[in-house]
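User: Please take a close look at one part of this structure, the pairing of charged side chains, and then follow it into its surroundings. I am new to this structure, so please explain each term as you go.

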Amino acid sequence: MKRVYCLYRVSTKGQVEKDDIPMQKQACHEFVAEQSDWHIEKEFSEKGVSGFKIAAKDRDAIQDLQKAAVEKKFDVLLVFMFDRIGRKEDETPFVVEWFVRQGVEVWSVKEGQQRFDTHVDKLLNYIRFWQASGESIKTSIRTRTRMEQLVKEGHFKGGTAPYGYRLVHKGRVNKRGHEVFDLEIDEYESTVVRKIFHLHTAYGMGPQTLSRRLTEDGILNRAGKNFVAPSIRNILTNPIYKGVLRFGETLSEPFEHLKIIDDETFRLSQELMEQRSRNREELRRVPRRLAKNCLLVGNIFCGHCGGRLVTSTAGTRYQRANGEEVYRRWWRYLCYNRVRHKGECCGQTGYSAERIDEAVRESIRKLLDGLKKIPMQTVVERRYGLAVDDLEKRLNEARRIEAKNERGIKALKAELAPALMGESKFDPDLLGDAIQAAQVELDEARRLVNNLENELADTETIIRTLERQHSRLVSLSELFDGCDLDAQRIVISQLVDGVYVSSGYQIELRLNITLEQYVECMDEVRAGGEKTTVVLTA
């Protein structure tokens, strides 16, 4: 009597729900019943296991079968089809051959016995699993393509709704006629999402700090548990909140009905996340951890060696005239290179944080007050007015030449028919050459018109971006005085590329490009070097 071990496998949840394994099991039992000397000793089932993506060494059922084969516990391995063993063309053929070498017969209900008596048997074995692998790849391609199409069309691709949304039926059906879900903004959860983005962009709170803040505020996730940092990080980096669906590298166009966060807030959030990443340390201008008493932590540097200044505290005890003992403590900025590697910096070791913070705060306040007085049109005219005027003049001239050539070709073509009939004073060959030359000039004029139109469109896009930036700067100027230390720190990080401090409390603010465009319009501040700078003494 031959001892039979059966292996059943389904790779997707859908196949599990359709009871594919009972179907395979019934077919195997019927097949064994037809054999006079076979008896099923044991059965193995794998649910939701991909035979293409998962290697045999990572599949418990295959490992158990191989162990049993070495111990000579069975004589026949039976499957519904050979691809139930696996679909990896660089692995599964050799797994099957390994069982045969152990003295185990490998059978399929649909395909019979896999033998290795000749080289042809080995080739057919390999071809079978090569075909199975190809089918998996084609299925994957079809699935991915359809998912990408759904995303581009603005439809939900399936799974759990992202936090901030709920699943609803809107009458859309799949190819089988089953009604499928679409996304809709959830009123309560969307307010939590907005709170997360606001605390992140306005106060610089990272995922860990945000998780603690939400817990303190009694805000729980959908499962009724506390938010954890990885979940918040996923929220902050998911483009769905600006209305953009994503599948892998495929992104849809923005859909207004899915938008919870505006584009500018999302952009600022990504910028903060990127600055905080370890591989962007040199570009970081915001702190990874918020200091309670320092305004410029993360964005202040030594004016001598360029190294980042770190925060520290100092203190002293003294007695008042009445005998009361007092302990005074203050915050300082220290040059890390000077403290740890004295040979790398010749500057001052430390600076009073309060003294520097107040000088920078006052300078930023004056800059923002000045910016509010600059009309948007003044900035546009100064930066792009002449360029736009020049582009428009060149475009009008190019269009004039284009129209002139079109009229010339039309006139030459009208003269061509009479010339061919001998009714014109012009030679047909000369007319043909003239038409060809005029066509070359027309093509060149059209290319120039197209290039100038694109350049003008790009400039107009920049102007619209500048208008949005102007609106944001005005809002920042109104926000700065009334906000707390954390919010002021984020405002400064958006305006200043770096605060550089030298001996004697010489402070240099290196403004970012956006702020430079406005500062150039202010009489009291002049641009200098590659970056606009403001030099002051604390």
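Analyst: Glutamate 271 forms a salt bridge with arginine 267, and the closest N and O atoms of the two are 3.1 Å apart; the term stands for a side-chain nitrogen of Lys or Arg within 4 Å of a carboxyl oxygen of Asp or Glu. The model is a predicted one, in which local features need pLDDT of at least 70 and side-chain atom pairs count only at pLDDT 80 or more, while totals for chains, interfaces and linings use all residues. Residues are numbered from 1 along each chain as its sequence is written, and side-chain values use heavy atoms, with hydrogens and water left out.

The two partners sit four residues apart in helix α9 (residues 263-276), which means that about one helical turn separates glutamate 271 from arginine 267. Helices (H or I, at least four residues) and strands (E, at least two) are DSSP runs, numbered from the N terminus. Glutamate 271 is partly exposed at a relative accessible area of 32%, and arginine 267 is partly exposed at 39%; buried means under 20%, exposed over 50% and partly exposed in between, with a 1.4 Å probe and protein chains only.

By the same rule, the count of salt bridges comes to 25. Side chains of opposite charge can pair when their charged atoms come close. One of these pairs joins glutamate 43 and lysine 25, whose closest N and O atoms are 3.9 Å apart. Because glutamate 43 belongs to strand β2 (residues 38-47) and lysine 25 to helix α2 (residues 20-33), this pair ties together parts that are 18 residues apart in sequence. Glutamate 43 is partly exposed, with a relative accessible area of 31%, and lysine 25 is likewise partly exposed, with 36%. Arginine 317 also bonds in this way with glutamate 325, again with 3.9 Å between the closest N and O atoms, and both arginine 317 and glutamate 325 are exposed. Elsewhere, Arg166, Glu184 and Asp186 are linked in a network of salt bridges.

Aspartate 357, in helix α11 (residues 353-372), offers a case without such a partner. Aspartate 357 is buried yet has no salt bridge, and the nearest side chain of opposite charge, that of arginine 361, is 5.3 Å away; in this reckoning Lys and Arg count as positive and Asp and Glu as negative, while His and the chain ends are not counted. The side chain of aspartate 357 does, however, make a polar contact of 2.7 Å with the side chain of tyrosine 333. A polar contact is a pair of N or O atoms within 3.5 Å, where within protein one must be able to donate a hydrogen and the other to accept it, and residues adjacent in sequence count only if both atoms are side-chain atoms. Once its neighbours within four places in sequence are left aside, aspartate 357 is in contact (heavy atoms within 4.5 Å) with Asn293, Cys294, Leu295, Leu296 and Tyr333.

The surface also has a part of another kind. Phe94, Leu123, Leu124, Tyr126, Ile127 and Trp130 form a nonpolar patch with about 610 Å² of accessible area together. Patches are made of residues with over 30% relative accessible area and no salt bridge, where like charges are joined within 9 Å and nonpolar side chains (Val, Leu, Ile, Met, Phe, Trp, Tyr) within 5 Å; accessible areas come from the Shrake-Rupley method with a 1.4 Å probe, and for residues only the protein chains shown count as cover. Helix α5 (residues 119-152) gives the most to this patch, with five residues. Phenylalanine 94 comes from helix α4 (residues 92-101) and is partly exposed, at a relative accessible area of 48%, whereas Thr92, Pro93, Val95, Val96, Glu97 and Phe99 in α4 are buried. Just after α4, glycine 103 takes a positive phi of about 90°.

For the wider setting, the protein chain holds 15 helices and 16 strands, and buried residues make up 41% of its 538 residues. Of the contacts in the chain with a separation of 6 or more, 62% are between residues 24 or more positions apart. The accessible surface of the chain comes to about 30,500 Å², and 49% of that belongs to carbon and sulfur atoms.
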